[in-house]
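Let's take a friendly walk through this model together, with an eye on the empty space inside and on one of the helices.

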Amino acid sequence: INAEYMGGQSNMQFSTLQSENGTAAVEEANLFPLIRLFTIGQRNASAVPLSELASIEQLWSVASNTSVGDGPWSYFSAVCWFFGRDLFLSLGGHVPIGLISNNWGGTPVQAWSSQDSCTRCLLFDYHCSGLWNSMVVPYTVGPMSLHGALWYQGEANVGDPAGYACLFPSMIQDWRAKLANPTMWFGFVQIAGFHYGSGDSAGLREAQLQALKLPNVGFSTAIDVGNYFDVHPKDKRTVAGRLVQSALAQAYGQQSVLWKPAIYSGMAATVVGRRVTVQVSFYPDGISSGLTDVVPPAAARANANVCPPGAELLCATPTITLNGTTTVQLVATASVSADRRSIILTADAPADGMQVVATSYGWNSWPVTQFWNGIGIPVLPWNSSFIP
């Protein structure tokens, strides 16, 4: 049996029954008896490492409409279930899969990190290690054989992208080491759009991507399936489906599976008179299927490509930053290039002789997604002047 660990905060806890079309998904669970489910109890942080789990909400159970559909904020995790179900089907419907739902709403990454990880990132905080001690350490006894881990967390850390950029990769490395599984696949969800208000959610999304510097780490972005008015968007199928594609390519040897989004790699600017044109390029493995401005159905349902009325201060617009006798940031017009492999930004400079110093796209609490690649994954936000 392939056991997959699913951790994080409330968007991982969010139950199947609460999700979009959740009632139908719960009823269909009876069709998957080869999938087993296990849910850890909450409210059990510990100041010292524990050798056994402090509480269990759901013992190992066969997937069914009752074991998947207990109720809101109970078992079973929607992201966890949709990931396991779709992975099971993608592997041919005969490989048993065990899913461990292990999460706690509102918790920061440092709570899930060992003291070793926190110390490496010079973080000395009362939140450190409380959930690592009670909800992760028990798996290191033995240790338990885990095929992979999924992580949906970050909303509680939007106030400190720089700290997250250090601690999140450190946590992954530490988990692998202490689980004696140095190449364990790890997949995470880049946090969705929402009116986060204070903090720097755009910077946090970029900080999450620092984990990609580690081997065998994949991810799913939720920027185009969020909900401006609710930090808990209901579409968990899209998020889980993208994680499955990543897992198939990285952890199950199906290297032909496309899963990567378009990620910013550089820009080339030209200024003719006062007309400024910037060609933005992306890493090739995210644009092999081309780019498009056609909005996929899931993103359309989420109104991902529009700014909600009255939300202008938290909505992202493409920008070009110019420098001359002064520095100015202009709202830019964005379009897909003729070859569908880059994005073209244009704007008019307020004065002659100004030079392009930076560009941005999707860089705010609500990204206002405009472009996707050919497999329906959105172009990721960028700010060329941001250093995590």
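Which residues line the largest cavity? In this predicted model, the lining is made up of Q13, T39, I40, Q42, E57, W73, S74, Y75, F76, S77, S101 and N103. The elements that contribute two or more residues to this lining are β2 (35-40) and β4 (97-103). Sorted by class, the lining has seven polar residues, four nonpolar ones and one charged residue. The space it encloses comes to about 60 Å³.

A search through the whole structure turns up two cavities of 30 Å³ or more, so let's visit the other one as well. The second largest cavity holds about 30 Å³ of space, and its lining consists of Y5, V136, Y139, L146, W175 and L179. By class, that lining has six nonpolar residues, with no polar and no charged ones.

W175 also leads us to the next stop, since W175 is one of the buried residues of helix α8. This helix covers residues 161-178, which makes 18 residues. From its first C-alpha to its last, α8 reaches 25 Å, close to the 26 Å expected at 1.5 Å a residue.

Look along α8 and you will find that P161, Y164, A165, L167, F168, P169, S170, M171, I172, D174, W175 and R176 are buried. As you trace them, keep in mind that an α-helix has 3.6 residues a turn, so residues three or four places apart point the same way. After α8 comes A180, which has a positive phi, near 55°.

Key: Residues numbered from 1 in each chain as written. Predicted model: local features only at pLDDT ≥ 70, side-chain atom pairs only at ≥ 80, totals over all residues. Heavy atoms only, no water. Helix = DSSP H or I, 4+ residues; strand = E, 2+ residues; numbered from the N terminus. Expected span 1.5 Å × (residues − 1). Buried < 20%, exposed > 50% of the residue type's maximum accessible area, 1.4 Å probe, protein only. 1 Å grid on protein atoms, 1.4 Å probe; cavity = no way out; pocket = protein on both sides within 12 Å on 5 of 7 lines; lining within 4 Å. Points joined across faces, edges and corners; volume = space filled by probe spheres on them. Nonpolar A, V, L, I, M, F, W, Y, C, P; charged D, E, K, R; others polar.
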